[in-house]
Structures are given as structure tokens and as C-alpha cells.
Amino acid sequence: MLHTRRGLAGAATAPHHLAAEAGAEVLREGGDAVEAMVAMAASIAVVYPHMNAIGGDAFWLIAEPGRDPIAIDGSGPAAQAATPELYRERAAIPARGPLAALTVPGAIATWSEALAATAGWGARRPAGELLGDAIRRARDGVVVTRGQSEVTAEKLDQLADVPGFKETFLAEDGGPPAVGAVLKQPGLAATFERLAEAGLDDFYRGDLARTFADGLEAVGSPLRLGDFEAMRVRRAEPLSLDAFGGRLFNMTPPTQGVAALMILGLFERLKVTEAEGFAHVHGLVEATKQAFLLRNARLADPAAMVQDPREWLRPEHLDELARRIDAARAAPWPQVAKPGDTIWMGCADAQGRVVSFIQSTFWEYGSGVVPAGTGVVFQNRGAGFTLDPDHPNCLGPGKRPFHTLIPAMARLKDGTVLSYGNMGGEGQPQSQAAVFTRAAVFGQSLQQAITAPRWLLGKTWGEETTSLKIESRMDGAVIDALKSAGHEVEIVAPFTGMMGHAGAVAMRPDGVVEAANDPRSDGAAVVV
């Protein structure tokens, strides 16, 4: 049985234990939370390649003691050649293949920006040192997890013929790698070595950028060198909401961070008094419906939105939406769901600085496209665009698509800084709400809050149903009450990856740091 980890000199949590160890090692050597997270982000791209890659996007929340966090938005824009006309004859933007690789990856740019934003923290380790674990594991190999083997088998028919995928991720016989097999990624090792030697900016404005652009153009992607050269990330003030006696933070659009905050703001208004009962689960599900209705209709690249999302968080607006929630009956559903595969990781250092970080290729293995010799699989985040010209999330050159990625953070009423998050597209704000309310509102330990049975409203992970999916460990009386209230309940496995891989790190005012990870993952929480 997993327990919340506690220490005094920092902590790292990740959905793969080797990535958590990479961050913990940086902390042990005196590195700070951002340096540790860069090492973790590089490592996780190697050891968990079905869930994320440096060919994807990333987002950060970074907090120092006594200060609100800063946000780093690494959503990459669409290629200049990615016009609606390019895709309309196909009726939809494909989810796999070269035409799905249509947005610039922002992950590496966020690493640079995070290091620059915290340059005043002290002397920094060279990039080669921070990337060393990733280089070694890509070169020497990693042991394939059950999750990677199963996901590869499930998606093989979509990915086997995508340029570069077979050579990078499949076994010699062209099938999925077996559980326990060794996966070596020499191309990715060479890419990391180049970044260590030439600097992270080489990904966008150097030899690597030229290699990526040439390789992508050769297989039919609309991305070009100019798109890489124009890539810039955005440093911003995160969205915030005062609730439950503290202040909650999440990402700005084009992410669904505002929906995550709305769910918690609405739930506070329902005045639920205890965890795990009907009122807790029903209240969060119904709050989710209200937030998702607004999200689905209006959320997009901020430049295309007609209303500031902070307006959605006004007390008067939340009061109005809360009045639409029936405490005893389920509102009609379904709505269109947002899929996604991702990793969330958290970190804190001995100086009390805390990071919440998320990195993704959107779907498992993203577009599947790997430019020759690079080992870097490119995301399919552009599949999140619509071709509806009247929708604010309509595809356009240089436009950023709607994002499910949301690192979360909160400063609680006792001064604790909580970094938390989850992967899983539609499930991210739902699991964030479950974990936060359990830990911060109802007093459960971090590990208890993450391990407890979870639920998910809507489609995710390739599921075709839009039901309310509930892990079978949930109290049967609560399940029966949810069914009686009109929820279309579907019982799923007791610990299912469908619910995502959550994690949390808490920095207490007394200097004790706590960390927990999800038993649904291959991860670990490590304290130093």
C-alpha cells in the first residue's frame, strides 16, 4: 500500500519512477526545483514515450515562497501552411500521420523559459548535466512497461505505417515491444546530445530545427523551418480563484484551466460537508457539466475569444451557474469530449519553491511521425482544431489550438502550497477536482486522495461511451444513488489507467514537503 512521502529537502513525483529519480538526484546535488523538472521532463520523454515527447507541448506553474506562481504557456502554433483549405477536402483534420503534425512543439521552449524566468535563483547546471539521464537511458535502453506495450498494441493499426514510427518504437518483427523488452532510442539520444552541446534553442533555430523541418516536409507535414524559427512561448499570470479559504491557480487559454477552476468554484457553492458520499461525487460531476458546456462553446486561442475567461470566474457568474445544479438529479449529457495522453509531474526544493508541470503529444504517440534520424515523435495537437469557420477554435495559420493540458497549484488557508495534476484529456479537470477536494477540503492525506476510487464523465482513451465511468471500488450505495439520480453509470476496473495518472506535492509552512503518486501509473514519489 502506498503512503504519502515526507521529507525536508525536496520531493519529486512522476508517472514513471525513473523520471522521479532523475529529479530527486538533481535535488540531492543541490539543484533547484526548475532544474530538477527539466531533468524529469527529459527523462520522462525517454522512459514513457507513449504518453509524451519533446515533439509535444508543455505548461508550467512555478511558485516561490510568499509569491503567487508564474505560468509558462508552451502551446505551439499551427504551421503557416496549415490552412482550413488544406484539410476541408478530407472533411476533418486527421489524427495520425504527416498532416496531423501541423503545430510546432513547444515543450523544449518552455524548458528554456522556465530556466530564464528563475535565473535569479543562483548558478545553474549546464544543459548537458540536466539532460544526462535522458541521454544515457535513450542510448542504453529502457525496459518497456506494460502500459507502453499495451498501448502500442491497441494503436498499432493507426501507427504502424506512419513515417518513422516502426523504426523507432516497434520490435524487429514489426509488432509492439513486449513487456520487459529493452527499447533503445539512438536517434533521440543524438537529439538530446545535440541540445546539450548547442543549447536548447537549437531545437528551433539551429541544426536540429533544419533537420526537423526537412524531414517533416519530406513526408508531407505542413511544418516548415520558418514555423520553428518563429516559435515563442508565453510567460503569463495564471488564472486564479479564491475558494475554500485559499487561492487556486490554473493555466490561461488556450488550455481548459478555467474549467478546472470553475468546477471547484461551483462545488464550493454546493456546501457539501463530507467526502466520498453521493453529494460529493454528484456535486463534482454536475459542476463539471456546467463548466464543460461553456468550455466547449467558447474556449480557444485567446486571440480568438470574445470574452475574457476571468469573467467566467466572477462570483456572480459562478452563483448563476451553481443555481442550475440540481442537488438530487443529473443534468442531461453527453457533450463532445476532449481526448488526450499526457504526463503530469510535480517538484519542490529545499528552499520551498514548487513546480507543477505537464507535457504531452495529445494522443498516444501523437501524430506518430518521427523525422528520420531524430527519434522525436511529433504531436497531433492540431487535431484539436475544428474546421467550423464560426467556432473560435477553427484552424488558422499561426493559431494555437484548444488544449486539455492544465498544471494546477493552490495556496491553502494554512499557507501550504499544493502542486497537483493529472493526465487524460477530459479527465484532467475532473481528477484535479477529486484530488483537491479530498485533500484540501476534506482533510485526506495526499496519497489517500489520489488512490481513492475516481470517476470520469464522458469519452476518453478511445472509449466510445459518454457515460459516467466509476471505478468498481466505489461504495455500492453511492453508485446506486448516482444511478437513481439519473446518471448513466458504467462500472470499470478497480484501478484503471482510464482515470489518468495523478500526482501531488505539498510544501508545508513548517518546511516539510509531502509527495504522492498514482498507483494506476508506473511512477513514484521520491523525497530527499
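Reader: How many of the 11 residues of helix α4 are buried, and what follows from that count?

Author: In this predicted model, α4 covers residues 107-117, and 8 of its 11 residues are buried, so the helix is largely enclosed by the rest of the structure. The cut-off for buried is under 20% relative accessible area.

Reader: Which residues of α4 are the buried ones?

Author: They are A107, I108, A109, T110, W111, E113, A114 and L115. The list takes in a glutamate, E113, and a tryptophan, W111, along with alanines.

Reader: How should I read the spacing of buried positions along a helix?

Author: An α-helix has 3.6 residues a turn, so residues three or four places apart point the same way. Now take helix α1, residues 17-28. Its buried residues are L18, A19, A20, A22, G23, A24, V26 and L27.

Reader: What span does α1 reach, and what is expected for it?

Author: The 12 residues of α1 reach 16 Å from first C-alpha to last, close to the expected 16 Å at 1.5 Å a residue. After α1 comes G30, with a positive phi near 95 degrees.

Reader: Which span should α15 have, and how far apart are its end C-alpha atoms?

Author: α15 has 21 residues, which should span 30 Å at 1.5 Å a residue; the end C-alpha atoms are 30 Å apart, so the two values agree. As to burial, 16 of the 21 residues of α15 are buried, and the helix is mostly covered.

Reader: Where do I start with the chain as a whole?

Author: Start with the inventory of elements, then check the overall dimensions. The secondary structure of the protein chain comes to 19 helices and 19 strands. The radius of gyration is 21 Å, close to the 24 Å that the globule rule gives for 528 residues, so the chain is as compact as a globular protein of that length. Along the principal axes, the C-alpha atoms fill a box of roughly 60 × 55 × 45 Å.

Reader: What share of the 528 residues is buried, and what does the chain expose?

Author: Buried residues make up 63% of the 528. The exposed area is about 18,100 Å², with carbon and sulfur atoms supplying 50% of it.

Reader: How far apart are the mean positions of the positive and negative charges?

Author: The chain has 49 positive and 62 negative charges, and their mean positions are 3 Å apart.

Reader: What share of the contacts joins residues at least 24 apart?

Author: Counting contacts between residues at least 6 apart in sequence, 73% join residues at least 24 apart. For a single case, take M40 in helix α2, residues 33-47. M40 and A14 are 26 residues apart in sequence, and their C-alpha atoms are 8.0 Å apart in space.

Reader: Is M40 buried or exposed, and which residues is it in contact with?

Author: M40 has a relative accessible area of 0%, so it counts as buried. Beyond its neighbours within four places in sequence, M40 is in contact with A12, T13, A14, A19, A20, G23, M345, G346 and C347. Of these, A19, A20 and G23 are among the buried residues of α1.

Reader: What is the relative accessible area of L159, and where is that residue found?

Author: L159 is found in helix α8, residues 156-159. Its relative accessibility is 0%, so L159 counts as buried. With neighbours within four places left aside, L159 is in contact with R96, F165, E364, Y365, S367 and G368. The C-alpha atoms of L159 and V143 are separated by 21 Å, with their places 16 residues apart along the chain.

Reader: Is V182 buried or exposed?

Author: V182 is exposed, because its relative accessible area is 56% and the cut-off for exposed is over 50%. V182 is found in strand β6, residues 182-183. Outside its neighbours within four places, V182 is in contact with D140, G141 and V142. V182 and H280 are 44 Å apart, C-alpha to C-alpha, at a sequence separation of 98 residues.

Reader: Which backbone angles deserve a check?

Author: Look at omega for cis peptides and at phi for positive values outside glycine. A cis peptide bond joins P253 and P254, with omega about 20 degrees. P254 is found in the loop between β9 and α14. F244, a residue other than glycine, has a positive phi near 55 degrees, and it is found in the loop between β8 and β9.

Reader: What is phi for E276, and where is E276 found?

Author: E276 is not a glycine, yet its phi is positive, about 75 degrees. E276 is found in the loop between α14 and α15, and it is partly exposed, with a relative accessible area of 26%.

Notes:
Residues are numbered from 1 along each chain as its sequence is written. This is a predicted model: local features need pLDDT of at least 70, side-chain atom pairs count only at pLDDT 80 or more; totals for chains, interfaces and linings use all residues. Side-chain values use heavy atoms; hydrogens and water are left out. Helices (H or I, at least four residues) and strands (E, at least two) are DSSP runs, numbered from the N terminus. The expected span of a helix is 1.5 Å times one less than its number of residues. Buried means under 20% relative accessible area, exposed over 50%, partly exposed in between (1.4 Å probe, protein chains only). The radius of gyration is taken over C-alpha atoms; the globule rule is 2.2 Å times the number of residues to the power 0.38. Contact means heavy atoms within 4.5 Å. Accessible areas come from the Shrake-Rupley method with a 1.4 Å probe; for residues, only the protein chains shown count as cover. Lys and Arg count as positive and Asp and Glu as negative; His and the chain ends are not counted. The place of a charge is taken as NZ of Lys, CZ of Arg, CG of Asp or CD of Glu.
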